[in-house]
Amino acid sequence: MGKGDTRTRKGKIYNHSYGNARPHGTTAVAKTVTPKAPVAAAKKAPARKKA
C-alpha cells in the first residue's frame with residue numbers, strides 16, 4: 001500500500017485522482033460541524049372548559 005495503490009489516499013494523490021479515499025472539494029469535518037435545526041415542542045391539548 002504505497003504510491004502505486006490507487007485505493008489509498010497516498011496513491012490517489014500520486015495518481016492525481018479523486019474518489020472515496022480522497023474526496024474532491026469539501027472536507028468531511030465541515031459536514032459534521034453543521035448544527036441541526038431545533039425540534040419544535042409538542043403541542044398540548046387545550047384545557048377543558050369549566051361549566
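A residue counts as exposed when its relative accessible area is over 50%, and as buried when that area is under 20%. Keep these two words in mind for the views below, which are all drawn from a predicted model.

**Figure 1. The whole chain holds two helices and zero strands.** Start here to get your bearings. The chain has 51 residues, and 12% of them count as buried. It exposes about 5,400 Å², with carbon and sulfur atoms supplying 58% of that area. Helix 1 covers residues 9-15, and helix 2 covers residues 28-33. Zero aromatic pairs are found in the structure.

**Figure 2. Arg7 and Asp5 form a salt bridge.** How many salt bridges does the structure hold? There is one, and this view shows Arg7 and Asp5 as its partners, with their closest N and O atoms 3.7 Å apart. That distance fits the definition, because a salt bridge needs a side-chain nitrogen of Lys or Arg within 4 Å of a carboxyl oxygen of Asp or Glu. As a general idea, side chains of opposite charge can pair when their charged atoms come close. Are the two partners buried or exposed? Arg7 has a relative accessible area of 70%, so Arg7 is exposed. Asp5 has 19% relative accessibility, so Asp5 counts as buried.

**Figure 3. Asp5 sits in the segment before helix 1.** Here we stay with the buried partner from the salt bridge. Which residues does Asp5 contact, once its neighbours within four places in sequence are left aside? They are Gly11 and Lys12. Both numbers fall within 9-15, the range of helix 1.

**Figure 4. Ser17 is a buried residue in the loop between helix 1 and helix 2.** Why does Ser17 count as buried? Its relative accessibility is 19%, and the cut-off for buried is under 20%. Not counting residues up to four places away in sequence, Ser17 touches Lys12 and Arg22. You have met Lys12 already, as one of the contacts of Asp5.

**Figure 5. Arg22 lies over the face of Tyr18.** Look for the ring of Tyr18 and then for Arg22, which is 4.3 Å from the ring centre. Arg22 also appears in the previous view, where Ser17 touches it.

**Figure 6. His16 has a positive phi although it is not a glycine.** The phi angle of His16 is about 60°. His16 lies in the loop between helix 1 and helix 2. Its relative accessible area is 68%, so His16 is exposed. How far apart are the C-alpha atoms of His16 and Thr6? They are separated by 9.6 Å, and the two residues are ten residues apart along the chain.

**Figure 7. Asn20 is an exposed residue in the loop between helix 1 and helix 2.** With 84% relative accessibility, Asn20 counts as exposed. The C-alpha atoms of Asn20 and Arg9 are separated by 8.9 Å, and these two residues are eleven residues apart along the chain. The loop between helix 1 and helix 2 also holds His16 and Ser17, so you can compare an exposed His16 with a buried Ser17.

Terms used
Residues numbered from 1 in each chain as written. Predicted model: local features only at pLDDT ≥ 70, side-chain atom pairs only at ≥ 80, totals over all residues. Heavy atoms only, no water. Helix = DSSP H or I, 4+ residues; strand = E, 2+ residues; numbered from the N terminus. Buried < 20%, exposed > 50% of the residue type's maximum accessible area, 1.4 Å probe, protein only. Contact = heavy atoms within 4.5 Å. Phe/Tyr/Trp six-rings, centres within 6.5 Å; stacked < 30°, edge-to-face > 60°. Lys NZ or Arg CZ within 6 Å of the ring centre and 35° of its normal. Areas by Shrake-Rupley, 256 points an atom, 1.4 Å probe, with all protein chains shown as cover.
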